[in-house]
Amino acid sequence: MGHYVVRRLLQAIPLMFIVSIVLFTLVNLAPGGPLAGRGQSRRMRPEQIAILKRQFGLDQPLYKRYIFWLVGNDWTKVDTDGDGIKDSPGQGKGILRGDFGMSYRTRQPVIEAIRNSFKNTAYLMSVTLIVVAIIAIPVGVISAVKQYSIFDIIVTTLSFMGQAIPEFWLGLILILVFYVWLKNPMTGDSLLPAGGMYTLGMEFSLLDWIKHLILPVTMGVVGWVTWYSRFLRSSMLDVIHQDYVRTARAKGLRMSKVYFKHALRNALLPLVTIFALDLPYIFAGSLYVEIMFSWPGMGRLYYQAAIDRDYPLLMAILTIGTVVVVLSNLLADVIYAKLDPRIHYD
Amino acid sequence: MTEAINLLPHGESMQALIWRRFRRHPGAIIGSIVLTAIILAVALAGLSPYDPEKSDMSARYQPPSMSHPMGTDALGRDLMTRVLYGGRVSLLVGLSVMLITLLIGVPVGAIAGYFGGNVDNILMRITDAALSLPSLLVLILLSAILREVEAPFLKSNPVLTIASVIGLLAWMFTARLVRASYLAIREMDYVTATRALGATNLRIIALHIFPNAIGPVIVESTLEVAYAILEESGLSYLGFGIQPPTPSWGNLLSNAQEYLVKYPWLAIFPGVMIFLSVISINYIGDGLRDAFDPYKVLKKIGEV
């Protein structure tokens with residue numbers, strides 16, 4: 001197993017290089033560029049744009065920019081004040097040494113912005129996933145045990161519906177119903193807030209935080225629940241017809257215990273793999289949820305960076321995203337082998 | 001030859017058998033009817049008395065009524081006309097994405113699966129690389145870039161542009177599926193026999209294995225259309241997809257959040273159309289899956 005993991009990681013290194021070159025080229029060759037927007041909004045003179053261009057290193061040829069991004073430029077002299085003379089040592093350490101650079105827009109370290117946003121995304125996603133588990137596990141188990149029952153048919157229909165609703169439109173409808181239409185009968189205010197993590201300028205109140213969670217979590221939960229409950233249903237169906245389940249029932253064990261303990265444990269096995277493969281989505285958060293509910297997380301950070309053409313921030317999120325995808329694929333395979341002793345890698 | 005045909009129940013042809021199984025799936029039948037209705041309505045959009053892009057400032061923000069069944073928008077344009085024209089764009093994107101994933105995925109999968117060895121290795125490493133991209137992030141990046149490329153071809157073919165972006169990040173699933181089928185089928189005796197008769201590789205790949213590998217691909221491609229419609233609507237909603245004034249179901253919703261309080265119909269109707277088309281296509285896909293899966297259906301109707 002150790003050899004297998006090491007080999008997979010070694011294989012991932014050239015893959016990561018190729019992917020990073022492709023992404024870097026795409027990001028940097030994009031027309032418009034980070035300075036196009038600045039020229040419009042702040043009415044900058046061409047000379048000023050030229051200075052900025054030099055400060056950001058955008059006057060360098062593409063291959064040099066990539067090398068600076070990768071290994072940093074502190075080993076050479078660069079032109080920071082924009083006078084055209086390479087006089088001061090570079091500051092960047094490069095992504096290989098963990099330096100993701102400075103954001104063009106905020107001039108702050110990119111890693112700071114990512115750290116702050118990731119906290120908010122992790123908060124939203126962990127609540128979302130807990131709710132998903134609470135709903136999807138019983139629904140998946142019961143619809144498998146009572147296959148083709150009324151319950152199963154209703155759940156199947158609902159999951160077809162859940163998969164067909166565009167996530168962002170579900171958010172619109174939730175805001176329409178719970179913010180625009182439904183009012184709190186006591187105060188006349190909207191029943192639920194339509195954005196943010198908490199009421200600005202208000203002291204911390206648990207109720208306020210929970211209220212702000214309900215709509216974004218609901219919006220995010222629907223897709224995941226339909227996805228996981230369908231998977232659990234089909235993997236439960238594979239398990240409950242096996243001999244050991246029949247034995248457990250024949251021995252007089254309570255049905256709920258047979259299904260929810262003995263059968264569920266094995267049925268969850270393939271789901272662990274699927275969950276590991278879904279980790280990148282947890283990292284990136286739900287872009288649509290975060291944009292719609294002004295949630296200051298990773299998805300919204302990326303969206304804003306894409307609009308601003310904030311190259312360092314875009315590249316940082318894309319690179320971390322790719323690493324997360326590669327690692328979670330590996331994790332899925334490893335966990336699967338650990339949980340299922342019949343599987344061996346060599 | 002008669003023996004081979006008799007292996008199928010009731011002595012019917014393969015197509016008839018698949019059609020008979022498909023008809024047993026109520027969701028698929030209802031889905032086909034709804035989708036046909038949507039396609040007809042969209043195709044006949046030209047019969048609407050209103051122009052989809054011409055504004056009428058005297059008729060802004062009218063709620064649904066007899067003359068405007070879905071109301072009018074901020075520029076006084078009839079929403080139903082725009083929804084129907086937008087449907088052309090959205091459905092075309094779905095169809096184009098399907099064609100693009102087939103055009104890339106089928107040859108890659110077929111060649112990798114049929115030849116195996118180094119060819120397989122190289123093609124599958126490329127597939128892996130494409131799969132290791134964080135797809136939604138790259139989708140947004142690519143469409144944000146293409147939005148600003150000043151190429152006349154891209155500007156005049158927005159449907160093809162957005163469909164290529166979605167298709168370039170989705171062909172890998174088709175490729176893997178096709179590869180798996182070809183890996184299994186190439187070992188079968190009839191393929192060996194065909195090769196012994198002197199058939200070329202290309203002939204075997206295209207004429208002898210393909211018809212037997214096509215089932216899962218048809219199901220996957222059907223679902224691909226639904227997936228692409230959802231992706232396009234999301235991107236256009238964010239402002240990265242189809243650009244106004246050309247309507248699409250996604251960009252009709254892009255300002256809907258601001259209008260929710262006063263003009264909710266602007267947010268409801270385009271979304272309902274996306275929902276209806278996607279759910280219909282998914283049910284059709286489900287019906288096709290049952291129809292192409294002999295074991296599942298025969299078991300359900302008690303023939304095994």
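**Exercise 1.** Which residues does A226(B) touch, not counting residues up to four places away in sequence? Then place A226(B) in the chain and classify it as buried or exposed.

*Solution.*
- Step 1. The model is a predicted one, and the contacts of A226(B) are read from it: beyond four places in sequence, A226(B) touches V278(B), I281(B) and N282(B).
- Step 2. A226(B) belongs to helix α11 of chain B.
- Step 3. The cut-off for a buried residue is 20 or more other C-beta atoms within 10 Å. A226(B) has 23 such atoms within 10 Å, and therefore counts as buried.
- Step 4. As a comparison point, take V159(B), which is 67 residues from A226(B) along the chain; the two C-alpha atoms are separated by 16 Å.

**Exercise 2.** Describe how α4(B) passes α11(B), and list the residues that make the contact.

*Solution.*
- Step 1. Helix α4 of chain B covers residues 79-115, and helix α11 of chain B covers residues 201-238. Their axes come within 8 Å and cross at roughly 145°.
- Step 2. The crossing of α4(B) with α11(B) is right-handed.
- Step 3. From α4(B), the contact takes S90(B), V93(B), G94(B), L95(B), V97(B), M98(B), T101(B), L102(B), V106(B), A110(B) and Y114(B). From α11(B), the contributors are I205(B), I209(B), V217(B), S221(B), E224(B), V225(B), A228(B), I229(B), E232(B) and S233(B).
- Step 4. Sorted by class, this contact holds 14 nonpolar, 5 polar and 2 charged residues.

**Exercise 3.** Summarise the architecture of chain B in terms of secondary structure, extent, burial and contact range.

*Solution.*
- Step 1. Chain B has 14 helices and 0 strands.
- Step 2. Along the principal axes, its C-alpha atoms fill a box of roughly 75 × 45 × 30 Å.
- Step 3. Of the 304 residues in chain B, 46% are buried.
- Step 4. Among contacts in chain B with a separation of 6 or more, 69% join residues 24 or more positions apart.

**Exercise 4.** How many residues does each chain give to the contact between chains A and B, and which helix of chain A gives the most?

*Solution.*
- Step 1. Chain A supplies 35 residues and chain B supplies 33 residues.
- Step 2. On the side of chain A, helices that each supply at least two residues include α1 (2-29), α6 (150-164), α10 (255-284) and α13 (311-339).
- Step 3. α13(A) gives the most, with 7 residues.
- Step 4. By class, the side of chain A that touches chain B has 31 nonpolar, 4 polar and no charged residues.
- Step 5. Now turn to the largest nonpolar core, which has 155 residues; L314(A) and I317(A) have the most contacts inside it. Beyond four places in sequence, L314(A) touches V27(A), A305(A) and A306(A), and also L141(B) of the other chain.

**Exercise 5.** Where is confidence lowest and highest in chain A, and which stretches of chain B have pLDDT below 50?

*Solution.*
- Step 1. Chain A averages a pLDDT of 86, with 94% of its residues scoring at least 70. Confidence in chain A is lowest in helix α2 (residues 33-41), at a mean of 58, and highest in α6(A), at 94.
- Step 2. Chain B has a mean pLDDT of 87, and 92% of its residues reach 70 or more. Residues 1-7 of chain B are below 50, and this stretch has 2 contacts beyond near neighbours in sequence. Residues 300-304 of chain B also stay under 50, with 5 contacts beyond four places in sequence.
- Step 3. Where pLDDT is low, predicted coordinates should not be read in detail.
- Step 4. For the complex, the predictor gives an ipTM of 0.87 and a pTM of 0.89.

Key
Residues are numbered from 1 along each chain as its sequence is written. Chains are lettered from A and ligands numbered from 1 in the order in which they are written. This is a predicted model: local features need pLDDT of at least 70, side-chain atom pairs count only at pLDDT 80 or more; totals for chains, interfaces and linings use all residues. Two residues are in contact if their C-beta atoms, placed from the backbone, lie within 7 Å. Helices (H or I, at least four residues) and strands (E, at least two) are DSSP runs, numbered from the N terminus. Ala, Val, Leu, Ile, Met, Phe, Trp, Tyr, Cys and Pro count as nonpolar, Asp, Glu, Lys and Arg as charged, and the others, Gly among them, as polar. pLDDT is the predictor's confidence in each residue, from 0 to 100. Axes are lines fitted to C-alpha atoms, for helices over the stretch in contact, and angles run from 0 to 180 degrees between N-to-C directions. A crossing is left-handed if the near helix is turned anticlockwise from the far one by less than a right angle, and right-handed if clockwise. A residue is buried if 20 or more other C-beta atoms lie within 10 Å of its own, exposed if 12 or fewer, and partly exposed in between; C-beta atoms are placed from the backbone. A nonpolar core is a set of buried Ala, Val, Leu, Ile, Met, Phe, Trp, Tyr and Cys residues joined through C-beta atoms within 7 Å.
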